[in-house]
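Some remarks on the model follow, as numbered points. Please read them alongside the sequence and the coordinates.

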Amino acid sequence: MKIIKGFEKAKIILNRQTPKELEYRQETAVRQIINEVREHGDKALFELTEKFDGVKLSSLEVKPSRVKAAYKHIDTRLIDAMKLAAERISTFHRVQNERALKTYTHGKTGWLIRPLERVGVYAPGGTASYPSTVLMTAIPAKVAGVKDIILTTPPSRDGRISPALLVAADIAGVSRIFSIGGAQAVAATAFGTESVPRVDKICGPGNIYVFLAKKLVYGVVGIDGLQGPSEVVVIADETANPEYCASDLLAQAEHGGMSSAILITNSASLANEVGQAVEEQLKSLTRQAIIKESLENNGLLVIVRNMEEAIELTNLYAPEHVLLMVKTSTAYEEQIMNAGCIVYGQKATVAMSDYVCGPSHTLPTEGTARFSSPLNVLDFLKITNVSSVGDALMNLAGEAASTMARAEGLDAHAQAIELRLKNTRKKK
């Protein structure tokens, strides 16, 4: 891991407010995939799945009987673990839903809060399976009141979906499951096909093809965000446990070669100890090649003078995860303005928040925590404004509205107002 000494040097490296890349070489291919699915529906999905996943499917949809049978193929401890996680995720989001904005129509103006009708959840699959993503994405939608949740996930080489993923979908209350992945899955749920229903919003992380597909279909459907590589900033003082700090840096690095694992500390000795602990712990991990690539690309040990500088750098970087490994974490929690999540406590680790703390682990990345939020119940709710226009409002503000309409050159607007205003005045 690179060691960066000093606030000014670190500031240059961590200032990423200018996007690295606005165009991607894969975009042309993704656009072509989307158009094929839009034009040819299921036929394109079968062909693209065979082309990209190496699987010739006989059916796109996973039958309920296969979901039920999946319980027999995984350890009961994993089932219990997923049920515990699901309960905690559900509880957190129920509280959030209770405290969220509510319908208000008691005055002349107000608003209606309605859940989305149908949501698409994308879960990475194929060679890797992430049942936690299904729980963390589908459960908030379910709590918000979404009636129809459609899961898409790529099949493995034998054409099957991971049993753990199927069980997670069942626990989360997913309505239907389809064995399709990549950009073609995003296109299918955005536009609909003969088999796949069109959704109102697409949620969930994926590779660069999923990322770009979500970007391209946005506007046709809503999206939760454009999630990039995973990130963590560990803020640590001299009291921090170097073994704990190292373990969280490694945990983020194992997500992929472009993940970011950053320690910011006011203790040079701690930085050195953490660097040594990273090297030692790495020896026993199975994803060493990926972790080494990640740490080589985006692994930093940053040494600053004080915690104020550490907080300023963190807010500048706006990371997905912040882990507070300091003596008085509550003193700094309110100062962190830009972060997808903050994890603190005596045994704090981001890995716990990835699975069982309760909040969704679908978080803003690549600096977007400056203006966006983690996935939550509000992602699945929409507001409809309501206005009541009667004689009183027309007498009070009709002339003002007509004046503004004519100033904007919209005489039909003005006429619509003046017609009613005239009739209102006749009543007097």
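Which residues form a nonpolar patch on the surface?

1. The model is a predicted one. The surface patch in question consists of Val389, Leu393 and Leu396, whose accessible area together comes to about 320 Å².

2. Of these residues, Leu396 can be placed in helix α16, which covers residues 391-407. Its relative accessibility is 71%, so Leu396 counts as exposed, the cut-off being over 50%.

3. Turning to the sheet: five strands make up an open sheet in the order β5-β4-β3-β6-β7, and the pairing is parallel. The edges are taken by β5 (176-178) and β7 (222-223); each has a single partner strand, so one side of each lacks a neighbour in the sheet.

4. Within this order, β3 (residues 118-122) and β6 (residues 201-203) are joined in the parallel sense by 3 bridges. Gly120 has Ile202, in β6, as its bridge partner.

5. A separate point concerns Pro364, in the loop that runs between α15 (350-355) and β13 (381-387). Is Pro364 buried or exposed? Pro364 counts as buried because its relative accessibility is 6%, and the cut-off for that class is under 20%.

6. Apart from neighbours within four places in sequence, the contacts of Pro364 are Glu320, Gly340, Ala369, Ser372, Ser373 and Pro374. As for Phe211, it lies 153 residues from Pro364 along the chain, and the C-alpha atoms of the two are 13 Å apart.

Methods
Residues are numbered from 1 along each chain as its sequence is written. This is a predicted model: local features need pLDDT of at least 70, side-chain atom pairs count only at pLDDT 80 or more; totals for chains, interfaces and linings use all residues. Side-chain values use heavy atoms; hydrogens and water are left out. Patches are made of residues with over 30% relative accessible area and no salt bridge: like charges are joined within 9 Å, nonpolar side chains (Val, Leu, Ile, Met, Phe, Trp, Tyr) within 5 Å. Accessible areas come from the Shrake-Rupley method with a 1.4 Å probe; for residues, only the protein chains shown count as cover. A salt bridge is a side-chain nitrogen of Lys or Arg within 4 Å of a carboxyl oxygen of Asp or Glu. Helices (H or I, at least four residues) and strands (E, at least two) are DSSP runs, numbered from the N terminus. Buried means under 20% relative accessible area, exposed over 50%, partly exposed in between (1.4 Å probe, protein chains only). Two strands pair if DSSP finds at least two bridges between them. Contact means heavy atoms within 4.5 Å.
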